[in-house]
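User: I should like to go through this structure step by step, from its sheet to its charged pairs. Please give the reasoning behind each reply.

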Amino acid sequence: MKMYRFVGNAPCDIGGTRYERFGSRAEFTRELAEDVLTGGGCFIPEPDFRTIGVTDAEVQMFGYAGGFPEPTPEFVHKKQRAQARAIQLMNDLSLLDAFNVDSQEAGE
């Protein structure tokens, strides 16, 4: 199992779990990650999320769409980068091959 982060704008239901907050964590097998991404689920691997630089504080403050306070321009840029990465993964699942970090190694 590998750790992923939800980076979508619209809620997503997977295996009985509803993902609504940007930055929510999810654990998927490689096969499930492929199914989620090919089905349009907006998730990226934990290491990509960390590389983009989204902080836990930002997830807490700005994770829900339409929430308050208004997101900072820096957070909006990070969110756009995360969503662009998810689109890359949706279009090229072989990019998941570079994701070799177990969830325990990712701090979970």
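The exchange below concerns a predicted model.

User: In what order do the 3 strands of the open sheet stand?
Analyst: The sheet is open and its pairing is antiparallel. Strand E4 (25–28) and strand E5 (43–45) each have a single partner strand, so both stand at the edges, with one side of each left without a neighbour in the sheet. From one strand to the next the twist averages 40 degrees. The order is E4-E1-E5.

User: How many bridges join strand E1 to E4, and how many join E1 to E5?
Analyst: E1 covers residues 2–6 and runs antiparallel to E4. On that side, Arg 5 stands opposite Arg 25, and Met 3 has Glu 27 as its bridge partner. Towards E5, which is also antiparallel to E1, Tyr 4 is paired with Pro 45. The count is 4 bridges between E1 and E4, and between E1 and E5 it is 3.

User: How many of the residues of E1 are buried?
Analyst: Both faces of this strand are covered. One side carries Lys 2, Tyr 4 and Phe 6, the other Met 3 and Arg 5, and these are all buried. The number of buried residues in E1 is therefore 5 of 5, given that buried means under 20% relative accessible area.

User: What angle does the direction of helix H1 make with that of E4?
Analyst: Helix H1 spans residues 30–38 and packs on the sheet. Its contacts there are with E1, E4 and E5. The angle between the direction of H1 and that of E4 is about 120 degrees.

User: Why do the buried residues of H1 lie on the same side of the helix, and what arc do they cover?
Analyst: The residues concerned are Ala 33, Val 36 and Leu 37. They pack against E1, E2, E4, E5 and H4, whereas Glu 31, Asp 35 and Thr 38 are exposed on the other side of H1. The buried residues are placed on the same side because the arc they cover around the axis is only 95 degrees.

User: Which residue just after H1 takes a positive phi?
Analyst: The position in question directly follows the helix, and its phi is about 95 degrees. The residue is Gly 40.

User: Which element gives the most residues to the largest nonpolar core?
Analyst: This core has 26 residues, and those with the most contacts inside it are Val 7, Phe 28, Phe 43 and Ile 44. Among the elements that give two or more residues are E1, strand E2 (12–14), helix H2 (46–52), helix H3 (56–62) and helix H4 (73–91). With 4 residues, the element that gives the most is H4.

User: Which residue of H1 that Phe 28 touches is also buried, leaving aside Val 36?
Analyst: Not counting residues up to four places away in sequence, Phe 28 touches Met 1, Lys 2, Tyr 4, Ile 14, Tyr 19, Ala 33, Val 36 and Phe 43. The buried residues of H1 are Val 36, Leu 37 and Ala 33. Val 36 being set aside, the residue that appears in both lists is Ala 33.

User: How far apart in sequence are Glu 34 and Arg 30, and what separation along the helix does this give?
Analyst: The two side chains meet in a salt bridge with an N to O distance of 2.6 Å. Glu 34 counts as partly exposed because its relative accessibility is 26%, and Arg 30 counts as partly exposed at 28%. They are 4 residues apart in helix H1, so the separation is about one helical turn.

User: Is Glu 46 buried or exposed?
Analyst: Glu 46 forms a salt bridge with Arg 50, with the closest N and O atoms 2.7 Å apart. Arg 50 counts as partly exposed because its relative accessibility is 46%. The value for Glu 46 is 1%, so Glu 46 counts as buried.

User: How many residues lie between the positions of Arg 85 and Asp 48, as a separation along the chain?
Analyst: These residues form a salt bridge whose closest N and O atoms are 2.8 Å apart. The pair links distant parts of the chain, with Arg 85 in helix H4 and Asp 48 in helix H2. Both residues are buried. In sequence they are 37 residues apart.

User: Which residues are linked in a network of salt bridges?
Analyst: Side chains of opposite charge can pair when their charged atoms come close. A search of the whole structure finds 9 salt bridges. The residues linked in the network are Arg 5, Arg 25, Glu 46, Arg 50 and Asp 56.

Conventions: Residues numbered from 1 in each chain as written. Predicted model: local features only at pLDDT ≥ 70, side-chain atom pairs only at ≥ 80, totals over all residues. Heavy atoms only, no water. Pairing = 2+ DSSP bridges. Axes fitted to C-alpha atoms, helices over the stretch in contact; angles between N-to-C directions. Contact = heavy atoms within 4.5 Å. Core = buried A, V, L, I, M, F, W, Y, C linked by side-chain atoms within 4.5 Å. Buried < 20%, exposed > 50% of the residue type's maximum accessible area, 1.4 Å probe, protein only. Salt bridge = Lys/Arg side-chain N within 4 Å of Asp/Glu carboxyl O. Arc of directions from axis to C-beta.
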